[in-house]
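Me: I'm new to this one and would like a close look at a single part of it. Here is what I have in front of me.

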Amino acid sequence: MVKILSLLTFSALGMGVLAHPHIKHIDRRFCSLEERNVFPRTDLTTRAVIPKATKWSPPANMVTGLDQVWKQTLKENPGWAQDKNWIIDQMMANNGTINYCVRWNHPGKSTAAARATTAKALQRSMQKWFDVLVGFEGFPLTKLAVNVVGYAVKNKNLLEGNISGLDVYTTKNPDGVPECDPRCYRATHLNGDMSQCPGGKKSRYDISLWLDESLTGEIGGYGYNWGQELSPKYFFDNVNSENIHILLHEMGHGFGLLDFYDWTPQGQTNFIMMAGSAMEVTEFDAWMVRDWWRKLKANRKW
Ligand SMILES: *[C@@H]1O[C@H](CO)[C@@H](O)[C@H](O)[C@H]1NC(C)=O
Ligand SMILES: *[C@@H]1O[C@H](CO)[C@@H](O)[C@H](O)[C@H]1NC(C)=O
């Protein structure tokens, strides 16, 4: 499994206050941590307003940028159409239901309350991407249901409180990281056959939230269509925030969206996929994901 795309590192001043963020980046070409760019932290002065769209009609000042983005997508990810595991594929496969499995790779306890806020944060965050697709060019789904169906932990006693209804895994991958049962992972059973999964269909998971202590101290993350890897401290410091911007950014990679560390689409200055330049999903992000819907729709014959 490729674990890539972006690691953002912000130097934090005090409780969750970001100042002078230093963006660091691991990607396929460099495979080592190197500082690429430093972005000023630019909070949008007003909330991003994303007008609904029913057809491809991006604002004039985004047309060229969107064209550049898709050309770059084809360059960076020529196999995009063969990959049947984009978050849109996951949504389409199960009528808007996305099942998460959480990989809990840190020594803290997981309380029932923390699990409930985690599920809400995942729903709220993915909803922001989903909402911009509703009603657009035949996107057929109107309701998103994000569930957390399982936890992978080093030791079952890290899970406090009521765990009935949850699949609990204590197996590890070769790196010693708790791993949800691959037999229940949709991406490895694209035909929908979950007969090898001990819990059957209800134990299917589509994607993972990976909370890893190795990222503690750095406010950073990784993301792709397997899921989002974040620092547990960053995640729980921000779990009730309306916009958990690193989670939103990493989810964006799961929809196929790129990083923008070394170039800027024409005319664009602030959007969540340009790390550090926006703290929420913006209209440009919305059009990038809508473009993916158009392309996937044609390719998949939806
Ligand atoms: C898909 O989801 C919608 C909205 O929740 C629901 O009304 C519909 O019955 C579902 N369709 C199927 C085939 O399950
Ligand atoms: C434990 O969780 C299950 C599944 O969510 C629920 O049905 C049950 O009522 C809960 N039990 C208690 C004692 O809260």
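The part I'm curious about is helix 5: which residue just after helix 5 takes a positive phi, and of about how many degrees? Please tell me about the helix itself too, and what surrounds it.

Reply: Happy to, and do keep in mind that this is a predicted model. The residue you're after is G256, which sits just after helix 5 and has a positive phi of about 100°.

Let's step back for a moment to see where that helix belongs. The protein chain has six helices and eight strands, and along the sequence they come in the order β-β-α-α-β-α-β-β-β-β-β-α-α-α. Of the 302 residues in the protein chain, 53% are buried. If you take contacts between residues at least 6 apart in sequence, 65% of them join residues at least 24 apart.

Now for helix 5 itself. Ten of its ten residues are buried, so it counts as mostly covered. Going through them, you'll find H245, I246, L247, L248, H249, E250, M251, G252, H253 and G254.

What lies ahead of it? Between helix 4 (232-238) and helix 5 (245-254) there is a loop, and N243 is part of that loop. N243 has a relative accessibility of 17%, and because buried means under 20%, N243 counts as buried. Its C-alpha atom is separated by 6.8 Å from that of M279, although N243 and M279 are 36 residues apart along the chain.

The partner to look at next is helix 3. Two packed helices are described by the angle between their axes and the distance between the axes. For helix 3 and helix 5, the angle is about 55° and the axes are 10 Å apart. That angle makes helix 3 oblique to helix 5, and the crossing of the two is right-handed. On the helix 3 side, the contact uses A121, L122, S125, M126, K128 and W129, while helix 5 brings in L247, L248, M251 and G252. Sorted by type, the residues of this contact are seven nonpolar, two polar and one charged.

Helix 3 deserves a look of its own. It covers residues 112-131, and at 1.5 Å a residue its 20 residues should span 28 Å; the end C-alpha atoms are 28 Å apart, so the two agree. Its buried residues are A114, R115, T118, A121, L122, R124, S125, M126, W129 and F130.

For another packed pair, try helix 1 (residues 60-76) and helix 6 (residues 283-300). Their axes come within 11 Å and cross at roughly 55°, which means helix 1 is oblique to helix 6. This crossing is right-handed. From helix 1, M62, G65, L66, V69, W70 and T73 take part, meeting E283, F284, W287, M288, D291, W292 and K295 in helix 6. The residues of that contact divide into eight nonpolar, two polar and three charged.

Helix 6 also holds A286. With 0% relative accessibility, A286 counts as buried. Setting aside neighbours within four places in sequence, A286 is in contact with I50 and V132. The C-alpha atoms of A286 and P51 are separated by 9.4 Å, though the two residues are 235 apart along the chain.

To come back to your helix: its ten residues are buried, it packs against helix 3 at about 55°, and G256 with its positive phi comes just after it.

How values were computed: Residues are numbered from 1 along each chain as its sequence is written. Chains are lettered from A and ligands numbered from 1 in the order in which they are written. This is a predicted model: local features need pLDDT of at least 70, side-chain atom pairs count only at pLDDT 80 or more; totals for chains, interfaces and linings use all residues. Side-chain values use heavy atoms; hydrogens and water are left out. Axes are lines fitted to C-alpha atoms, for helices over the stretch in contact, and angles run from 0 to 180 degrees between N-to-C directions. Helices (H or I, at least four residues) and strands (E, at least two) are DSSP runs, numbered from the N terminus. Angles under 35 degrees count as roughly parallel, over 145 as roughly antiparallel, 65 to 115 as roughly perpendicular and the rest as oblique. A crossing is left-handed if the near helix is turned anticlockwise from the far one by less than a right angle, and right-handed if clockwise. Contact means heavy atoms within 4.5 Å. Ala, Val, Leu, Ile, Met, Phe, Trp, Tyr, Cys and Pro count as nonpolar, Asp, Glu, Lys and Arg as charged, and the others, Gly among them, as polar. The expected span of a helix is 1.5 Å times one less than its number of residues. Buried means under 20% relative accessible area, exposed over 50%, partly exposed in between (1.4 Å probe, protein chains only).
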